[in-house]
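Subject: A structure for you to look at

Hi there,

Here is the structure I said I would pass on. Have a look at it first, then read on for my notes.

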Amino acid sequence: SLPHLLEHLAIQRQADAEETRVRAGRPGDRMAPFVGVTEWVDREAGIARVQLSYRDDLEVLQALRDAVAFVNAAL
């Protein structure tokens, strides 16, 4: 489903950003767990809930925005 795709794209974006930080050698950085859940609230209406967690809420929000922009550009 499209919401599930958004979840995975956002998680990939988070993982890419984390890898960039780790490769830059920032002290104390290590790979953080990425968790996402997608569930339909009302499938007929096309409403789903995508939940993402990470240590920095702003990074999660940016990752989701990037994922939405990617899907919108592809459509």
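Below is what turned up, starting with the overall layout and moving on to the salt bridges.

One thing to keep in mind: this is a predicted model. The protein has 2 helices and 2 strands, and if you start from the N terminus, you'll meet them in the order α-β-β-α. Its C-alpha atoms fill a box of roughly 50 × 25 × 15 Å along the principal axes.

How much of the protein is buried? Of its 75 residues, 23% count as buried. The accessible surface adds up to about 5,300 Å², and carbon and sulfur atoms hold 55% of that. As for contacts, take those with a separation of 6 or more: 49% of them are between residues 24 or more positions apart.

Now the charges. There are 9 positive and 12 negative side chains, with the centres of the two sets 5 Å apart. How many salt bridges does the structure hold? The count is 3, so let's go through them with the 4 Å limit between nitrogen and oxygen in mind.

Asp66 and Arg13: these side chains meet at 2.7 Å, N to O. Asp66 sits in helix α2 (residues 57-74) and Arg13 in helix α1 (residues 2-23), so this pair ties together parts 53 residues apart in sequence. Asp66 is partly exposed, at 27% relative accessibility, and Arg13 is partly exposed too, at 34%.

Glu39 and Arg49: here the closest N and O atoms are 3.0 Å apart. Since Glu39 belongs to strand β1 (residues 35-42) and Arg49 to strand β2 (residues 47-53), the pair links parts that are 10 residues apart in sequence. Glu39 has 35% relative accessibility, which makes it partly exposed; Arg49, at 38%, is also partly exposed.

Glu19 and Arg23: this salt bridge has an N to O distance of 2.6 Å. Where do the two residues lie relative to each other? Both are in helix α1, 4 residues apart, so about one helical turn separates them. Are they buried or exposed? Glu19 is partly exposed at 34% relative accessibility, while Arg23 is exposed, because its 68% is over the 50% cut-off.

To recap the salt bridges, one joins helix α1 and helix α2, one joins strand β1 and strand β2, and one lies within helix α1. Try finding each of them in the viewer.

Cheers

Technical notes:
Residues numbered from 1 in each chain as written. Predicted model: local features only at pLDDT ≥ 70, side-chain atom pairs only at ≥ 80, totals over all residues. Heavy atoms only, no water. Buried < 20%, exposed > 50% of the residue type's maximum accessible area, 1.4 Å probe, protein only. Contact = heavy atoms within 4.5 Å. Areas by Shrake-Rupley, 256 points an atom, 1.4 Å probe, with all protein chains shown as cover. Lys, Arg positive; Asp, Glu negative; His and termini not counted. Charge placed at Lys NZ, Arg CZ, Asp CG, Glu CD.
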